[in-house]
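Trainee: I have a model open and want to learn to read its strands and its core. Can you take me through them?

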Amino acid sequence: MSFDLPRNVILPVDEVDVRLDPAAHPFERDNQPAIAENWRRETAAKPALYDGTVVLLSALGYRDRRLIGRCHAVRYSTFMLWRKNRELSGAEHAYAHAVLVAGDNALVAIRMGAHTVNAGYVYFAAGSFEPVDFRDGLVDVDFNMIREVGEETGIDLSAARPGRRYHALSTASGTVIFRRYRVAEHADDLARRISAFVAAETEPEIEGPVIIRDADDLPDGLMGHMKPLIEWHFAGSDADL
């Protein structure tokens, strides 16, 4: 299977069947000295970086509205080297976005904090899949979404209304699996809550919330994959209600 899915088009997804393989990812196994040297340089530039555990794909395909794949737990230092060697690595990255939709239909994204790898960039609160996001070896996408949004913004999505299906967008930089989560509060009220949460954190991951009110309201620092998602939402594509 390797990596066999359409690129640069939003795909409807009814099932995500991505499984965690206990074997070492070949990229991590074969690049130990380079990983260690790159990590030394990365942490010299950003001392707050933590060498935790994330996952990298070794295969991903799209069939009959299903994403089917295989991934492996790797150190974050491995991921950081992979970011610089994507094309010939035999690995790809998948991550999830909870598209936070306020009661006034505005979107609420976040701007990443200065100490992070993606400092200053804007996207929906998210993080890489980690081993904790898997149940009996199968990724639990919604658990990851709810966990990451809670950790970064303080917003509990467990009571929000999820969209009826996932969607995915695969590009050269990775595959984002996303789903609308609708809450009753208006965007300004959500932003105030998020700002208060950030202010109370000792080491917040984000700088603060970013409200996006229409498809032309694109903030500075917007990550490249975000524009198609924003346009998709405001076009009313695959309405959830």
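Trainee: In β5, which residue is the bridge partner of V55?

Mentor: A73 is the partner of V55 in β5. Keep in mind that this is a predicted model. The pair belongs to a longer ladder: β4 (residues 53–63) and β5 run antiparallel, with ten bridges between them.

Trainee: How many residues lie between β4 and β5 in their hairpin?

Mentor: Two residues separate these strands. Look at D64 in the turn: its phi is positive, about 50°.

Trainee: In which sense do β3 and β5 pair?

Mentor: Parallel. Seven bridges link β3 (residues 15–21) to β5 (residues 66–75). To find the ladder on screen, start at E15, whose bridge partner in β5 is R66.

Trainee: Now the interior. Why look for nonpolar side chains there?

Mentor: In soluble globular proteins, nonpolar side chains tend to be buried together. Here the largest nonpolar core has 58 residues. The members touching the most others are V16, L67, F129, V141 and L157. Strand β6 (residues 94–101) is the top contributor to this core, giving seven residues.

Trainee: What is V16 in contact with, leaving aside its neighbours within four places in sequence?

Mentor: Its contacts are L67, L138, V139, V141, Y166 and I177. Apart from that core lies another, of 13 residues. Its members include L56, F79, W82 and A91.

Trainee: Next, β13. Are its residues buried or exposed?

Mentor: Buried: nine of nine in β13 (residues 174–182). To read its two faces, follow which way the residues point. G174, V176, F178, R180 and R182 point one way. T175, I177, R179 and Y181 point the other way. Both sets are buried.

Trainee: Which strands pair with β13, and in what sense?

Mentor: Take them in turn. β6 runs parallel to β13, joined by eight bridges. In that pairing, Y95 stands opposite V176. β12 (residues 166–171) is antiparallel to β13, with five bridges. There, T171 has G174 as its bridge partner. A hairpin through two residues joins β12 to β13. β11 (residues 161–162) also pairs with β13 in the antiparallel sense, over two bridges.

Trainee: And which residue in β13 is the bridge partner of R161?

Mentor: R182. Now go back to β13 in the viewer. Trace R182 to R161, then G174 to T171, then V176 to Y95.

Definitions and conventions: Residues numbered from 1 in each chain as written. Predicted model: local features only at pLDDT ≥ 70, side-chain atom pairs only at ≥ 80, totals over all residues. Heavy atoms only, no water. Pairing = 2+ DSSP bridges. Helix = DSSP H or I, 4+ residues; strand = E, 2+ residues; numbered from the N terminus. Core = buried A, V, L, I, M, F, W, Y, C linked by side-chain atoms within 4.5 Å. Buried < 20%, exposed > 50% of the residue type's maximum accessible area, 1.4 Å probe, protein only. Contact = heavy atoms within 4.5 Å.
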